[in-house]
Amino acid sequence: MFELQIYQQAELIYYTDLHIEDPNYEIIRNQHRIQLCYGVSESTLAFIKKIHPDKKTQMKSFRTKEYQYNLLDTINGVRFILLTSLLPEKQVDVAMKNLYDAYINYVKRNYMYKHGDIIRISKFNAEVHKILEDLKQAS
């Protein structure tokens, strides 16, 4: 399982799965599983703030026997959720940094991209797939 979801203010703006070529966002946005993934991040972050109000404390991931839920919450309200098979924390940290860097380089610096729109930038998509493929090979 290697799936990336990116949200901007609770709206899904990017989705990719190594098994899906061109996702239909209208269908994906309404899938219960996608809504649950975002809900898990909101609930977990609210819980963490309640028990440890220090703003520097963040949840990065949690694991089950079969998969790992990884989260990167940025200061500008962009949230990355990466679902993967079980991986070492160091590899995931590097991948999340690379995904964020790709977002900055190909999305935020793209004057044609309107903030909050679904990301349909082929160079960004290619870079994300490269990062996920590299992560998959390392597992």
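Two strands pair if DSSP finds at least two bridges between them. The legends below describe close-up views of a predicted model.

**Figure 1. Strands E1 and E5 pair in the antiparallel sense.** Seven bridges join E1 to E5. Leucine 4 has leucine 82 of E5 as its bridge partner, and isoleucine 6 is matched in E5 by phenylalanine 80. Strand E5 is mostly covered, with seven of its seven residues buried. Val78, Phe80, Leu82 and Thr84 point one way from the strand, whereas Arg79, Ile81 and Leu83 point the other way, and all are buried.

**Figure 2. Five strands make up an open sheet with antiparallel pairing.** The order of the strands is E2-E1-E5-E4-E3. Strand E2 (11–17) and strand E3 (61–63) occupy the edges; each has a single partner strand, so one side of each is left without a neighbour in the sheet. From one strand to the next, the twist averages 15 degrees.

**Figure 3. The hairpin of E1 and E2 has two residues between its strands.** Within this hairpin, glutamine 9 adopts a positive phi near 50 degrees. E1 and E2 run antiparallel and are joined by six bridges. Leucine 4 stands opposite threonine 16 of E2; in E5, the bridge partner of leucine 4 is leucine 82. Strand E2 is mostly covered, six of its seven residues being buried.

**Figure 4. The hairpin of E4 and E5 has four residues between its strands.** Glycine 77 takes a positive phi near 85 degrees in this hairpin. The antiparallel pairing of E4 and E5 extends over six bridges. Aspartate 73 stands opposite arginine 79 in E5, and the side chains of these two residues also meet in a salt bridge (2.9 Å, N to O).

**Figure 5. Helix H2 lies across E1, E2, E3, E4 and E5.** The helix runs at about 115 degrees to E5. Helix H2 (residues 32–51) has 20 residues, and its first and last C-alpha atoms are separated by 28 Å, close to the 28 Å expected at 1.5 Å a residue. Ile34, Cys37, Tyr38, Ser41, Leu45 and Ile48 of H2 are buried. Viewed down the axis of H2, these buried residues fall within an arc of 95 degrees, so they line one face of the helix. The face turned away from the buried side carries the exposed residues His32, Phe47, Lys50 and Ile51.

**Figure 6. Helix H3 lies across E1, E4 and E5.** H3 runs at about 135 degrees to E5. At 1.5 Å a residue, the 20 residues of H3 (residues 89–108) should span 28 Å, and the 27 Å between its end C-alpha atoms agrees with this expectation. The buried residues of H3 are Val92, Ala95, Met96, Leu99, Ala102, Tyr103, Ile104 and Val107. The buried residues of this helix pack against strand E1 (2–8), strand E4 (68–73), strand E5 (78–84) and helix H4 (122–138).

**Figure 7. A salt bridge within helix H3 joins aspartate 101 and lysine 97.** The closest N and O atoms of the pair are 2.6 Å apart. Both residues belong to H3 and are separated by four residues, about one turn of the helix. Aspartate 101 has 28% relative accessibility and therefore counts as partly exposed. Elsewhere in the structure, salt bridges that share partners join Glu42, Asp73 and Arg79 into one network.

**Figure 8. Arginine 79 forms salt bridges with glutamate 42 and aspartate 73.** The structure holds six salt bridges. The side chains of glutamate 42 and arginine 79 meet at 2.7 Å, N to O. This pair links distant parts of the chain, with glutamate 42 in helix H2 and arginine 79 in strand E5, 37 residues apart. In the salt bridge of arginine 79 with aspartate 73, the N to O distance is 2.9 Å. Arginine 79 counts as buried because its relative accessibility is 7%, under the 20% limit for that class. Glutamate 42, at 38% relative accessibility, counts as partly exposed, and aspartate 73, at 26%, also counts as partly exposed.

How values were computed
Residues numbered from 1 in each chain as written. Predicted model: local features only at pLDDT ≥ 70, side-chain atom pairs only at ≥ 80, totals over all residues. Heavy atoms only, no water. Expected span 1.5 Å × (residues − 1). Buried < 20%, exposed > 50% of the residue type's maximum accessible area, 1.4 Å probe, protein only. Contact = heavy atoms within 4.5 Å. Arc of directions from axis to C-beta. Axes fitted to C-alpha atoms, helices over the stretch in contact; angles between N-to-C directions. Salt bridge = Lys/Arg side-chain N within 4 Å of Asp/Glu carboxyl O.
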